[in-house]
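Notebook open, coffee poured. I want to look up one loop residue and one pocket, and jot down what turns up.

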Amino acid sequence: MATYLIGDIHGCYRELIALLQQVDFHPDKDTLWLTGDLVARGPDSLAVLRYVKQLGSAVKLVLGNHDLHLLAVYNKISRNKPKDQLDELLAAPDVDELVNWLRKQPVLQIDDELKLVMTHAGLTPQWDLDTAKMCAREVEAILRSDSYPLFLNAMYGDMPNSWSPKLSGLARLRYTTNVLTRMRYCFPNGQLDMICKSKPENAPAPLKPWFELPRNIPEDYSIAFGHWAALEGRGTSAGIYALDTGCCWGGKLTLLRWEDKQYFSQPALITASNCQVHDS
């Protein structure tokens, strides 16, 4: 019985299956944690969604910004861009079933026994763990409701960029969504910067990667995240695991076996040459 964490799949179905075969993954006894962005940019988003959905309780995933983008495209709120390679998925006979399953997935996973937290992008240093749970559950509730298209229509935007318990309504939901699915850099006070996508060594002062600022959650909890392919899985603080290694950009798909912290990887089999790493 093992716990496996995998970074952003982005429609790279063949790489996913090859990687799971490396570790002899069995859904009847193992658990698979996925950092989000199951879809878009890679060639087989439909196959990925179908496979992950049928895993049932063997999988724990969080939604990423590209997963939310798919929901927005499906609801005709956002444009279906050719580089996202979503046409096959959107035309599939089971697209309604897949989308309705996807929108009911969480944006935050916490396992108190494993002392493990997972989001797509990270956790703002302005939140403690209870605040993160509360804000995540609010987003999950609206996504699962019949009014979720209203949220999708309002989720785009970079403001507000600082946490306050007084935030309410769509502004509060947008802030939470940006933290959990889009964030990379913060100012020293924890305020979000939603513009910079450079590698940390090229980021302008005073910006810092969110994981370099003092954390506001218990030190015995680890955080796993995806989203930031330009990190190439390196350079994070102790207890922080960056798992997006850019498979759909020609990099690799990375798996971390939690029990012994051993890494496994599967090089990309198809390169999405029309995409750029910093746009993940």
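Before anything else, a cut-off: I call two residues in contact when they have heavy atoms within 4.5 Å. I also keep in mind that this is a predicted model.

Entry 1, aspartate 128. I found aspartate 128 in the loop between β5 (116–118) and α6 (129–144). Who touches it from further along the chain? Setting aside neighbours within four places in sequence, I get Asn216 and Ile217 as contacts of aspartate 128. I also checked its side chain for polar partners: one of its polar atoms sits 3.3 Å from the backbone nitrogen of aspartate 130.

Is aspartate 128 buried or exposed? Neither, as it turns out: its relative accessible area is 32%, and buried would need under 20% while exposed would need over 50%, so I log aspartate 128 as partly exposed.

I looked up one distance as well. Aspartate 30 is 98 residues away from aspartate 128 along the chain, and their C-alpha atoms are 30 Å apart.

Entry 2, the largest pocket. I read off a volume of about 510 Å³ for the largest pocket. Its lining counts 25 residues, and the closest to the centre are Asn65, His66, Tyr156, Arg182 and Lys197.

Which helix gives the most to this lining? I have α3 down for that, with four residues. Both α3 (65–74) and α8 (169–181) supply at least two lining residues each.

Last, I sorted the lining of the largest pocket by class: ten residues are polar, nine charged and six nonpolar.

Methods: Residues numbered from 1 in each chain as written. Predicted model: local features only at pLDDT ≥ 70, side-chain atom pairs only at ≥ 80, totals over all residues. Heavy atoms only, no water. 1 Å grid on protein atoms, 1.4 Å probe; cavity = no way out; pocket = protein on both sides within 12 Å on 5 of 7 lines; lining within 4 Å. Points joined across faces, edges and corners; volume = space filled by probe spheres on them. Nonpolar A, V, L, I, M, F, W, Y, C, P; charged D, E, K, R; others polar. Buried < 20%, exposed > 50% of the residue type's maximum accessible area, 1.4 Å probe, protein only. Polar contact = N/O pair within 3.5 Å; in protein donor to acceptor, adjacent residues only side chain to side chain.
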